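Colleague: Got a minute to look at this one with me? I'd like to start with a small detail and work outwards.

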Amino acid sequence: GEEREKEEEEEEEKLGEEKEKEKEGMYRYSVTEQIALTPQQKHDHTQVTCMAVWENCLWGGCQNGLVFCYQTREEGVMFSHVSQLPFAARAKVNTMTALKGLVWVGFDNGWMNVWKQGEGGIISTEVCFSSLLVKNRKTNSKKDSFLTLSNGIMTWGDDESLSVNEVKKVKQRKKKGEVFCFCLLGENGECISPDFEVDDNVGIKWLDILEFVLFCNENRKKKVLKSCGDVELGISKIGGVLSLSVIDEHVWSLDGSLKIAEWDAKPGDKKFALSPLRCLSLNTHHPYLLAKTFEVSFFSASHSEIWVVCGRKVYVLVRTLGALDMGRVGEAFEEGEEEEEVWCG
């Protein structure tokens, strides 16, 4: 009898150990794949600041404002191009979310834009830009001359043109004061265009755009990231776009001025037009609130309520048909939990 009891105890002990192992296995995770975000060309500071998943793709934003997308090991990482950003200076990506084929991105300089994937060869023909050429002082012509890129064709002068399919490289000439000079090279480095002279600030834009077009042509059958709409909220000095969230099939934003807004994206000829449907500013009802004082988050709490959490306080916004109203204010924690704050939700 003693031997039987001992055997039963050993069996129970083994079963207990197996259950513990199973329980540990449920919470054990391992890295299955790692991706190195190597700096590309002149792009550096590619530290990831936020991510979102859409249609089996991993999207991310970086410290320097670049957006990337990762699909499969074969496809690799696709980076955005600097010419696709709606601003010249670097700005950190604060937040991103996805809805109906578009990835929405919020920057800390107050810009918000939308992205999608497209085929390189198609995108290259969609890029359009035009600027005034600097007048040649050696001629007496009073007629303005423009350099234009449209439908994959560069045009200038009276009737001169060149297909960008023939261009292999853009060469920058020496600057002449505030004049930016560049030309286009074809096969074997042969110059196939005259020297174009434009204003200095416009010349940098031309360089970025033409590099992007050449990149698309080199990857004609591959997917390329394309910016397809943007809007400036004018809040660059107070944190920019802090958070984005999808609520009831619409994208909502919360910015540094503590304004929460619902957005709509209407497709146009070239880009989506981003416009607010309704909005409400917490500062109007609670002037003492400052976004920099708190970690701010917001989310849908029911079909009619949005909760904005600032530190320990919960500010309830009430959604009605076409309107957004201020509701009640509550505490996120009970008394005695003095050290607690909500950082995300």
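Colleague: Which backbone nitrogen lies 2.9 Å from a polar atom of the side chain of S193?

Modeller: That's the backbone nitrogen of L184. Bear in mind that this is a predicted model.

Colleague: Where is S193 found?

Modeller: S193 is in the loop that links β13 and β14.

Colleague: And is S193 buried or exposed?

Modeller: Buried: its relative accessibility is 10%, and the cut-off for buried is under 20%. Setting aside neighbours within four places in sequence, S193 is in contact with L162, C183 and L184.

Colleague: OK, β13 and β14 then. How many bridges join them?

Modeller: There are 4 bridges between β13 and β14, and the two strands run antiparallel. One facing pair is F182 with F196, the latter in β14.

Colleague: What is the strand order in that open sheet?

Modeller: The order is β12-β13-β14, 3 strands with antiparallel pairing. β12 (169-172) and β14 are at the edges with a single partner strand each, so each has one side without a neighbour in the sheet. On average, neighbouring strands are turned by 35 degrees against each other, ignoring direction.

Colleague: What packs on the sheet?

Modeller: α3 does, touching β12, β13 and β14. The direction of α3 makes about 120 degrees with that of β14.

Colleague: Back to F182. What does F182 touch?

Modeller: Not counting residues up to four places away in sequence, the contacts of F182 include L147, V170, P194, F196, V198, W206 and L210. Polar or charged names turn up too, among them K171, Q172, R173 and D195.

Colleague: Which residues touch the most other members in the largest nonpolar core?

Modeller: F182 again, along with L147, L149, M154, L184, W206 and L210, in a core of 25 residues. The elements that give two or more residues to this core are β9 (146-150), β10 (153-156), β13 (179-185), β14 (196-199) and α3 (200-218). α3 gives the largest share, 8 residues. Apart from that core lies another, of 22 residues, including C62, C69, A98 and L225.

Colleague: Cysteines, nice. How many disulfides does the structure hold?

Modeller: The count is 0.

Colleague: Why no bond for C62?

Modeller: The closest cysteine sulfur, in C50, is 8.5 Å from the sulfur of C62, which is too far for a bond. C62 is also buried, at 0% relative accessibility. C228 counts as buried as well, at 2%.

Colleague: Changing topic: what do β16 and β17 form?

Modeller: A hairpin, with 2 residues between the strands. In the turn, D248 has a positive phi of about 50 degrees. β16 pairs with β17 (residues 250-255) in the antiparallel sense over 6 bridges, and V241 stands opposite D255 in β17.

Colleague: How many residues of β16 are buried?

Modeller: 5 of the 7 residues in β16 (residues 241-247), so the strand is largely enclosed by the rest of the structure.

Colleague: Last one, V316. Where is its place?

Modeller: V316 is in strand β22 (residues 313-320), and counts as buried at 3% relative accessibility. Leaving out neighbours within four places in sequence, V316 is in contact with E305, I306, W307, D325, M326, G327 and R328.

Colleague: And what separates the C-alpha atoms of V316 and F298?

Modeller: 9.6 Å, with the two residues 18 apart along the chain.

Notes:
Residues are numbered from 1 along each chain as its sequence is written. This is a predicted model: local features need pLDDT of at least 70, side-chain atom pairs count only at pLDDT 80 or more; totals for chains, interfaces and linings use all residues. Side-chain values use heavy atoms; hydrogens and water are left out. A nonpolar core is a set of buried Ala, Val, Leu, Ile, Met, Phe, Trp, Tyr and Cys residues joined through side-chain atoms within 4.5 Å. Buried means under 20% relative accessible area, exposed over 50%, partly exposed in between (1.4 Å probe, protein chains only). Contact means heavy atoms within 4.5 Å. Two strands pair if DSSP finds at least two bridges between them. Axes are lines fitted to C-alpha atoms, for helices over the stretch in contact, and angles run from 0 to 180 degrees between N-to-C directions. A polar contact is a pair of N or O atoms within 3.5 Å; within protein, one must be able to donate a hydrogen and the other to accept it, and residues adjacent in sequence count only if both atoms are side-chain atoms. A disulfide is a pair of cysteine sulfur atoms within 2.5 Å.
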